[in-house]
Amino acid sequence: MNIVQENETNYSASVVSIEETEDQQQRWLENRRKLENIHFSKFSEKQLRQGKTSRIDYILPYFIFGLKASFMYQQGLQNARSIVIREHELYFEDLPKAFDGYQIVHLTDLHLDSLPGIEDTICEYLDILRFDVAVFTGDYRWHAYGEYQDNVLNPLYRIFRMAQATDGVFVTLGNHDTHHIFRHLAEMPVQILNNQRVQIKRNRDIITLVGTDDPHNYLTNDAVHALQQAEGEFKIALVHSPELYQEAAQAGFQFYICGHTHAGQVCLPNGSPIIYNVSQGKHLANGLWNHNGMTGYTSPGCGVSGAPVRFFSRGEITRFTLRRKN
Ligand SMILES: [Fe+2]
């Protein structure tokens with residue numbers, strides 16, 4: 001792995017949050033609670049406790065049994081634990097000059113209760129990486145039910161501490177993150193972008209980050225409006241899944257960062273996912289893509305859900321270096 005030297009910072013930098021009123025926050029919380037009630041009402045308490053909320057969850061025990069019987073389970077587990085740092089240098093015609101060389105580190109789909117101890121590897125990597133801002137696009141937990149202080153919140157706090165950067169740490173929610181986690185995140189050293197935006201300034205140049213609530217299970221007009229109403233010459237969308245790619249491209253975003261798909265997690269030998277788990281944008285399930293001039297990146301994420309294995313797929317921490325195209 002490369003150890004990267006930090007760039008000299010001889011500019012004046014600042015981060016400006018576009019404030020949300022308490023009323024708006026309360027409205028979001030109530031709305032999210034309602035949507036979760038509708039979503040979870042399809043399942044019994046026993047199903048929720050056992051984490052059986054999709055058809056795949058019923059097949060999983062047989063899949064895991066098959067892997068163990070064929071001695072492939074340990075290999076899959078080892079694959080899942082072997083996350084990598086992936087680097088991308090991306091060129092944009094309209095990137096403001098002062099942001100040429102700007103580095104964003106992206107983590108998503110940590111699912112910390114799926115792979116106990118994965119936080120050690122993540123923290124080790126974050127410790128040696130240099131970056132200007134860190135962004136997390138949701139799914140901090142896997143099980144949406146039960147106690148999660150020790151196996152999710154404590155390791156998550158360690159990770160957020162390690163991800164501190166000059167311009168801060170910005171986080172959005174995923175479909176596995178119920179509204180309960182909101183108050184815990186609010187106490188951590190991060191800023192939640194819940195259908196909100198923030199401006200990062202370098203001298204007179206500005207880039208805008210817009211983070212939305214999860215569109216996979218909890219899509220609302222507020223998330224779409226947050227994208228549509230965001231102003232700025234260079235805008236980056238932080239969304240849990242690729243499912244808002246059309247709205248973001250239409251709203252003039254230059255860059256869309258997401259995860260959720262795990263890049264299939266268990267793939268065919270050519271790396272093609274068997275399961276996509278998106279209602280829109282299957283062709284955007286893994287890696288770099290482009291839609292109507294907007295660059296997008298769907299990360300395989302750091303963690304796993306369902307079976308704690310990966311085949312023909314690697315978890316990752318991604319670092320983007322933004323470059324101005326002449
Ligand atoms: Fe997800």
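## A buried histidine to start with

His-111 has a relative accessible area of 0%, so it counts as buried. This is a predicted model, by the way. You'll find His-111 in the loop between β3 (103-107) and α5, and its phi is near 40°, a positive value in a residue other than glycine. Most residues other than glycine have a negative phi.

Asn-195 is another case to look at: its phi is near 60°, again a positive value in a residue other than glycine. Asn-195 sits in the loop between β6 (191-192) and β7. With a relative accessible area of 15%, Asn-195 is under the 20% cut-off and therefore buried.

## The iron site

What holds the iron ion? The donors are Asp-139 (OD), Asn-175 (OD1), His-240 (NE2) and His-260 (ND1), at 2.1 to 2.3 Å. Along the sequence, these donor residues follow the spacing D-x35-N-x64-H-x19-H. Two of them, Asp-139 and His-240, bring together distant parts of the chain: Asp-139 belongs to the loop between β4 (133-137) and α6 (149-162), His-240 to the loop between β9 (235-238) and α9 (245-250), and 101 residues separate the pair. Asp-139 and His-240 are both buried.

Why is the arrangement called irregular? The angles that the four donor atoms subtend around the iron ion run from 87 to 168°. Four donors pass as tetrahedral if all angles lie between 85 and 135 degrees, and because the range here reaches 168°, that label doesn't apply. For reference, the ideal angle for four tetrahedral donors is 109.5 degrees.

## Asp-177 and its neighbours

Asp-177 is in the loop between β5 and α7. Its relative accessible area is 0%, so Asp-177 is buried. Setting aside neighbours within four places in sequence, Asp-177 is in contact with Arg-32, Glu-36, Gly-138, Asp-139, Tyr-140 and Arg-141. One of those contacts, Asp-139, is also a donor to the iron ion. Two others, Arg-32 and Glu-36, are linked with Asp-213 in a network of salt bridges.

If you want a distance to check, Asp-177 and Leu-238 are 61 residues apart in sequence and 16 Å apart in space, C-alpha to C-alpha.

## Salt bridges across the chain

How many salt bridges are there? The count comes to nine. One of them pairs Glu-89 with Arg-323, with the closest N and O atoms 2.8 Å apart. Glu-89 is in strand β2 (residues 84-92) and Arg-323 in strand β13 (residues 316-324), so this bridge ties together parts 234 residues apart in sequence. Glu-89, at 45% relative accessibility, counts as partly exposed, and so does Arg-323 at 27%.

Arg-158 and Asp-120 form another bridge, the closest N and O atoms being 2.9 Å apart. That one links helix α6, home of Arg-158, to helix α5 (residues 118-128), home of Asp-120, across 38 residues. Arg-158 is partly exposed at 40% relative accessibility, and Asp-120 is partly exposed with a relative accessible area of 40%. Then there's Arg-202 with Asp-167, where the closest N and O atoms are 2.7 Å apart. Arg-202 comes from strand β7 (residues 196-202) and Asp-167 from the loop between α6 and β5 (169-172), 35 residues apart. Are Arg-202 and Asp-167 buried or exposed? Both are buried.

## Helix α6 and the cores

Helix α6 passes a quick sanity check: at 1.5 Å a residue, its 14 residues should span 20 Å, and the end C-alpha atoms are 19 Å apart, which agrees. Its buried residues are Val-152, Leu-153, Pro-155, Leu-156, Ile-159 and Phe-160. Residues three or four places apart in an α-helix point the same way, because there are 3.6 residues a turn. The buried residues of α6 pack against α5, β4, β5 and α7 (180-186).

Phe-160 turns up again in the largest nonpolar core: of its 49 residues, Leu-110, Ile-122, Phe-136, Tyr-140 and Phe-160 touch the most other members. Leaving out neighbours within four places in sequence, the contacts of Tyr-140 include Val-152, Leu-156 and Phe-160, along with His-111 and Asp-177. A second, separate core has 22 residues, among them Val-135, Ile-200, Ile-207 and Ile-236.

Notes. Residues numbered from 1 in each chain as written. Predicted model: local features only at pLDDT ≥ 70, side-chain atom pairs only at ≥ 80, totals over all residues. Heavy atoms only, no water. Donors = N, O, S within 2.8 Å, 3.2 Å for Na, K, Ca; no water. Tetrahedral: all angles 85-135°; square planar, octahedral: opposite > 155°, others 65-115°. Helix = DSSP H or I, 4+ residues; strand = E, 2+ residues; numbered from the N terminus. Buried < 20%, exposed > 50% of the residue type's maximum accessible area, 1.4 Å probe, protein only. Salt bridge = Lys/Arg side-chain N within 4 Å of Asp/Glu carboxyl O. Expected span 1.5 Å × (residues − 1). Contact = heavy atoms within 4.5 Å. Core = buried A, V, L, I, M, F, W, Y, C linked by side-chain atoms within 4.5 Å.
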